[in-house]
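User: Could we go through this model together, beginning with the ligand site and then turning to the sheet?
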Amino acid sequence: MKVLLAGRFDPGERDRWCSALAAALPQAEWLDAAAARAVPQAVEAAVVANPPPGSLQGLPRLRLIQSLWAGVDRLLDDPTLPPGVPIARMVDPAMGAAMAETALWAVLALQRGFFSYAAQQRAGQWRVLPQRRADETPVAVLGLGEMGGAAAGAIARQGLPVVAWTRAPRDPATLPPGVRAVAGADALPALLARSAIVVNLLPLTPATRGLIDARFLAALPAGAGLVNLGRGAHVDEPALLAALDSGHLAHAVLDVFATEPLPPAHAFWTHPRVSVLPHAAALTDPHSAAAVVAANLQALRGDASPRHLVRREAGY
Ligand code: GLV
């Protein structure tokens, strides 16, 4: 089977993926864009990491596009994406575990004031702050997919009351232990009003773009914390800066931004109430993800249908 491997990779990253994929599926031949263009009729699948727009054109026998990223918003933005070809997003338990670790770190640091202590250290200040208990720190987790579910479960296990917010109502039997859920736009303002911390793990779709705007932030109680591990475009950045400047929002932990890398002059870099991560909350691990890719490509050979297919109309 000939498979196109296309994407924007850091130096050395493509080689790491090639070795992991070759080990997981030795019978496949992994082609770069130029090699695929030489044999377009033979390419059956594409494994992609946010490839440049147009990368998947002109491959008439393509049967599966497997993303190495969990979020497929940038992939779906490509107007030249072949319309009928199934797309699978990356669902890898190792990635969910990494996301849960990041969410838990951010939530516990907000609950216990550790970002404030870090700022006090920089100022040479010895000052003990009130210690907030886990059970008096309600957390809203936006989105209950693979990432949101892993994060919500991990936070609930620490004893913080967690309410997840989803688009459509969820069967309570499918919720992670200790997690409650509410659904729909109407339920959001009341949820925000009673949340000390909001963790965003929504997919980016036309319905969620710009959700975290001035009105959203104003609905939070004074002193709340925001953890954005979804996409930068979920947030109206000027509105977020205004809420931080006024002190209404105590602190924001941001892993994703409207423009990435975050431009050097951006106010978030030096804002005392912001912690910046370089879109690193949960990286795709080549070793575990290669096994996920191999299973989906092998499904093409048999009767099984590939797993974790994207519903293009929903945007995730
Ligand atoms: C990371 O943001 C991903 O979508 O995999």
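Analyst: The notes below cover the ligand site, the parallel sheet and two buried residues.

User: Before that, what kind of model is this, and what are the ground rules?
Analyst: This is a predicted model, in which local features need pLDDT of at least 70, side-chain atom pairs count only at pLDDT 80 or more, and totals for chains, interfaces and linings use all residues. Residues are numbered from 1 along each chain as its sequence is written, and side-chain values use heavy atoms, with hydrogens and water left out.

User: Which residues are around the ligand?
Analyst: Trp69, Ala70, Gly71, Met95, Arg231 and His279 surround the ligand; a residue is near a molecule if one of its heavy atoms lies within 4 Å of it. This shell divides into three nonpolar residues, two polar and one charged. In that scheme Ala, Val, Leu, Ile, Met, Phe, Trp, Tyr, Cys and Pro count as nonpolar, Asp, Glu, Lys and Arg as charged, and the others, Gly among them, as polar.

User: Which atoms lie 2.8 Å from an oxygen atom of the ligand?
Analyst: One is a backbone N or O atom of Ala70, 2.8 Å from a ligand oxygen. A polar side-chain atom of Arg231 also lies 2.8 Å from an oxygen atom of the ligand. On its own the ligand has 200 Å² of accessible area, and the protein covers 87% of that, as computed by the Shrake-Rupley method with a 1.4 Å probe.

User: And what about Gly71?
Analyst: A polar backbone atom of Gly71 is 2.7 Å from an oxygen atom of the ligand.

User: Moving on, what is the strand order in the open sheet?
Analyst: The order is S2-S1-S3-S4-S5, five strands with parallel pairing. The edge strands are S2 and S5 (87-88), each of which pairs on one side only. Strands here are DSSP runs (E, at least two residues) and helices are likewise DSSP runs (H or I, at least four), numbered from the N terminus; two strands pair if DSSP finds at least two bridges between them.

User: How many bridges join S1 to S2 and to S3?
Analyst: Strand S1 (residues 2-7) is joined to S2 (residues 29-31) by three bridges, and to S3 (residues 43-49) by six. On the S2 side, Lys2 has Glu29 as its bridge partner. On the S3 side, Val3 stands opposite Ala45 and Leu4 opposite Ala46.

User: Does anything connect S1 and S2, or what unit do they make?
Analyst: Together with helix H1 (residues 13-24), S1 and S2 make a right-handed β-α-β unit. Right-handed means that, with the strands pointing away from the viewer, the path from the first strand over the helix to the second runs clockwise.

User: Why is S3 described as largely enclosed?
Analyst: Seven of the seven residues of S3 are buried, so the rest of the structure largely encloses this strand; buried means under 20% relative accessible area, exposed over 50%, and partly exposed in between (1.4 Å probe, protein chains only). S3 also pairs with S4 (residues 64-67) over four parallel bridges, with Ile65 as the partner of Ala46.

User: Last topic: is Ser275 buried or exposed?
Analyst: Ser275, in strand S12 (residues 274-276), is buried at 16% relative accessible area. Its side chain makes a polar contact of 2.8 Å with that of His251. A polar contact is a pair of N or O atoms within 3.5 Å; within protein, one must be able to donate a hydrogen and the other to accept it, and residues adjacent in sequence count only if both atoms are side-chain atoms.
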